[in-house]
Every structure is written in structure tokens, then in C-alpha cells.
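Biologist: I would like to learn how to read a few features of a model. Please take them one at a time.

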Amino acid sequence: MSFRVEALGPVGGFEEESLGVTEVAPSSEVHFHHFRSGASDLKVAPKWLQMKLPNINSRNRSHMCFGMGENKLKPTVNQDAEVFLLNVVNMSFLDRLSLAWRMLFPTAKVRKNSNAKIAKQRLKMILFSDRCDISDEAKQKIINNVIGALSEFVEIDSQDKVQLNVSTGTDLGTLYSVTIPVRRVRPEYQDSEEDYIGNISNIEYKDTGEKSGNIDVKFDFFLPSDQSKSVNWISGN
Amino acid sequence: MASPFPRLLPSLPFSPSSPPPRIFPGKPLPRLRAAVSAALQWNRKPQLAGETPRVVVVTSGKGGVGKTTTTANVGLSLARFGFSVVAVDADAGLRNLDLLLGLENRVNYTAVEVLNGDCRLDQALIRDRRCPSLELLCISKPRSKLPLGFGAKALTWVVDALRSRPSGAPHFVLIDCPAGIDAGFITAIAPANEALLVTTPDITALRDADRVTGLLECDGIRDIKMVVNRVRTDLIRGEDMMSVIDVQEMLGLALLGVIPEDSEVIKSTNRGYPLVLNKPPTVAGLAFEQAAWRLVEQDTMTAVMVEEEPKKKGFFSFFGG
């Protein structure tokens, strides 16, 4: 079960007030959406589920979303509760009454962890791992082939430590990962410094000059004499 | 012979093999006339697609999901449509298809005796009196020692002998596969060109069905259709059982039929009177018959979502709760 704090972009161009999306510690999933226009079809579900607040008469036209989680989030919970209360006291009496009613008597919602969904999730995992089940000797052959292909370019630290892992990722399905400790790159394939003189990389534009007429750029270029790369600022018209 | 019941599921009014009628005034329209008369006919029959004889193996992997029931009922439905069907019980050790069809008393000769030369093939085929187009062939007698010699080649020989018999090849050969994926399974799938995978919507059966699909495709059988058996719509609606849409999504096979859970199945097994012969027809019987229709025409169905229960309005519903 993952816990997400989600922010919706505001309607009306108040970009500076929107919060970013952050992933907080894993706990139950909660969405707290706060809509501006007169959304009167609200459903307040039990604590861990959605809650939409109407905000017909709100003065602060910001859009924020926040969630309530478990005990490890105490400081953020207090912050969120404050903001929540701030919005609530601005609502009309009837709105607050309906909100309280819904909190006290939540309606039945579609259960996220219904048996069918659990079964489907388990079946997906088991089908992926069954379909891509590979024998031990095939694993060894894969490892040997990969070591052979890679040792042309790098020197491998120790062949015994090379491992093949089969795992199931949620989106990608079955993942094969081969971990190889590498000591160093073979000399003929190492980056030669002469190729990189004057190479400009890592360019950052602070000001592209469209509005102010000034260009403010930061970039790196490579000088082989000193090991560290140098940085230059250029501003001009 | 009872006529097929009107199809309750939405479907094409004309069978897929006949072209849609074109309205050109003045031209003779023999196809249109045939199509119209086919639609108006009460007891019209499905049109056979594919080359005869069609050898279909009914398999599942997991035991107890309803392979033998499906073989018996689909076979009998096919026979009632007018096609000649031979049902083969490929379980050499434990056979049950004769019990389901009610023919257990009449089994004298089996395929093992045919191979030994003790009897002819037509003596081993048991014809059902209720429906003469259906014939049953058992592999071995239960009391004899396990026939170690009955392998894939033997069964393929039997099917070829059926194909080239003097009374004409049957339209369908349904092979009832034993449970599991060992030698019996390999024997049963050897002569088959198509497969009918029977499964239930629970996680164990689906895992085994997936494994069996992989084995069938390895063996060269690409035409695999699925029948989902023992479906309980009340559990699906309450989100306790996976829906047929989920099953189809997980396995990725074409769906031939959805058979609801019906207590009539047990009753008819005990009586030895197959389900599809019941008058009035039961839900499961109708579903089997529609599955047989689709098997003949090589058609598939699409699963539909089970309707959710309408939300019960609370007392203070004006609050939106």
C-alpha cells in the first residue's frame, strides 16, 4: 500500500501556489482533494479514502491536496489538519453540516482490497514468474555468456560473484538482472582525454534572453591539464 | 429431436459464413432468400466451419473444473444439432465420461481391445439411444491392469481409424483429457488440432490453465479456446470472485462460453441424464448449447461486465450519502 501526497493544478492560473508531488512513507493511500467551484456531489468515505470539500465561499483561491497517514507523519499531519480546519471554517453552515454528517456516517465505497482484486494481483505475479521460469543450467549459461561478452570491454573483479536475479516488476513484468563487479575498464576502451578537449557539457540556461535581452548561461568545459572541470559564466546581449 | 432454443445473447442474425444480403432491386437474390429463410426457421442449425473431422481435446490441467461435464454436454449438443460426434474418454485409468452420459452399463469393448485385435472398432463405439449421432469410446476397462502400452501413437491410430472408417468420418471427435500434465495428458493432446480449455475463475485453476496453454502451444496446438465454468455472478458482483473479463485478460485466450454454477449439474450427473437434454432447459444447459454453437462455427464471445448493484439510498440521501 503506498501513500501519496498529490497536488492538483489550480484552475485559473495561480501556478505559483501549487505544491509538488511528493511520495511519503508507505502507508494507506489517501487522497484529499479540494475543489474550488461549487461541487455539491460530495462523498465522504472512511478515513483512508477520498474526501472532496466544496469551497463555494472560500477566499483563499488556492488548490492544495494533502493526506492523512499514520503516526510517522505527525508534523505534516498537524500542518495538514491546520490547513484543513482553515478551509472548513470558511465554509457555510450547511456545507459544514453536510461534511460533518458524511464524516460521521460514511457511505459504503468500493473496497480497494476486495478479494477479487487481491486474487488478480497475486495471479498476475504468479503468472509472470511461472511463464518465465528458467532452469539452473540455463541461468549458468546466461551468466557465462554475459561474462564472456563483457570481459572484452572491462575486467571483471571475480567471476564467482556474478549473479543473475529473476524478479517481477509491477509494470515491466519479469526482470532479469545480472550483477557484475567490475574492476576496471580495459585500456583500449577507456575514455581518452584528448578527445574531450574543449568539450562543452552540462549547459544550464538561467535566462534565455527572450525577455530581458540578457543571456545568462552556465556550462562546463573540459581542460585536460587539471583533473577538475572548470565552469564559466557568460552574460551578454 | 428438440430444436435449439432462441439465442438470448445478442448475436448476428445470420451465421458468419454467409455474406450479408445486398439490396439490389431486380437482381435474383438466392442468397438473401436463403439467409432470410435461415433466420426465420425455428430449428436452424449452425454451419460447420473448418475441415472434418474436427479433433478437439477438452483439457484443463487442474482436476475437477468440469472437463468431463463439458465434454458430455457439448458433445450431446453437437449431436442434437445433427453432427456426428465421437466422444473419446482418454483417461486410461479412471474413466468417467460413461457415467456422465449414462452409458456405463453398455461398455463391453474398449480401445485397448481394438488395438489387440479382439474386436472391431465399431463394436467398441457405444451409440447413445437418446441421441443416435453421439458415440462413446472408452480407452480401457477400469478393472483391467493399467494399460502401459497406450500412448500417443495408439490414440492417434484410433483417431485415424475413425477418420477412415467405412461409415464415414465423424464431424467431431471430442477427446476428454485426464487431469494433470503427465503422460495421460500428452497422450490425449497428440491427435488433436484444437483445444478447449476449461477453467474456473479461481486462482489455482487459472495458474494451471496458463501452464497448460504453454504446453499446448509447445505441442503445436494454436487454436485454444476457453470455457469458464462454475461462474457465480453473485460473488463477482460482490467482488469476491474474479470476473470473466479478468480471466480473459489474464489468460489471453478467446472465450467460447461462460457456464454459470448450477446445481442441476450434480443432479444430472447422478441421474446419468446429461444436462442439455433437460426440458425445460436450465441456465447451464443453455450456456453449454451456446458454447457448442460457437464451437461449430468457430466463433468466440466477448465477456461482459456484471452490473453493479444499484447503490442503496440512505435515509438522509439529500446530504449526498
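Modeller: This is a predicted model. Start with I203(A), which is found in strand β9 of chain A.

Biologist: Why does I203(A) count as partly exposed?

Modeller: Residues between the buried limit of under 20% relative accessible area and the exposed limit of over 50% are called partly exposed. I203(A) is placed in that class because its relative accessibility is 49%.

Biologist: Which residues make the nonpolar surface patch of about 400 Å²?

Modeller: A nonpolar patch joins side chains within 5 Å, from residues with over 30% relative accessible area. Here the patch is made by I200(A), I203(A), Y205(A) and I215(A). Strand β9 of chain A, residues 200-207, gives the largest share, with three residues.

Biologist: How is the packing of α3(A) and α8(B) described?

Modeller: Helix α3 of chain A spans residues 115-131 and helix α8 of chain B spans residues 203-219; their axes are 10 Å apart and the angle is about 25°. Angles under 35 degrees count as roughly parallel, so α3(A) is roughly parallel to α8(B). The two helices cross in a right-handed sense.

Biologist: Where does G184(B) lie?

Modeller: G184(B) belongs to helix α7 of chain B, residues 183-189. The same limits on accessible area apply: with 24%, G184(B) is partly exposed.

Biologist: What separates the C-alpha atoms of G184(B) and A152(B)?

Modeller: A distance along the chain and a distance in space are read separately. G184(B) and A152(B) are 32 residues apart along the chain, and their C-alpha atoms are separated by 8.6 Å.

Definitions and conventions. Residues numbered from 1 in each chain as written. Chains lettered and ligands numbered in written order. Predicted model: local features only at pLDDT ≥ 70, side-chain atom pairs only at ≥ 80, totals over all residues. Heavy atoms only, no water. Helix = DSSP H or I, 4+ residues; strand = E, 2+ residues; numbered from the N terminus. Buried < 20%, exposed > 50% of the residue type's maximum accessible area, 1.4 Å probe, protein only. Patch = residues over 30% accessible without salt bridge, like charges linked within 9 Å, V, L, I, M, F, W, Y side chains within 5 Å. Areas by Shrake-Rupley, 256 points an atom, 1.4 Å probe, with all protein chains shown as cover. Salt bridge = Lys/Arg side-chain N within 4 Å of Asp/Glu carboxyl O. Axes fitted to C-alpha atoms, helices over the stretch in contact; angles between N-to-C directions. Parallel < 35°, antiparallel > 145°, perpendicular 65-115°, else oblique. Left-handed = near helix turned anticlockwise from the far one by under 90°.
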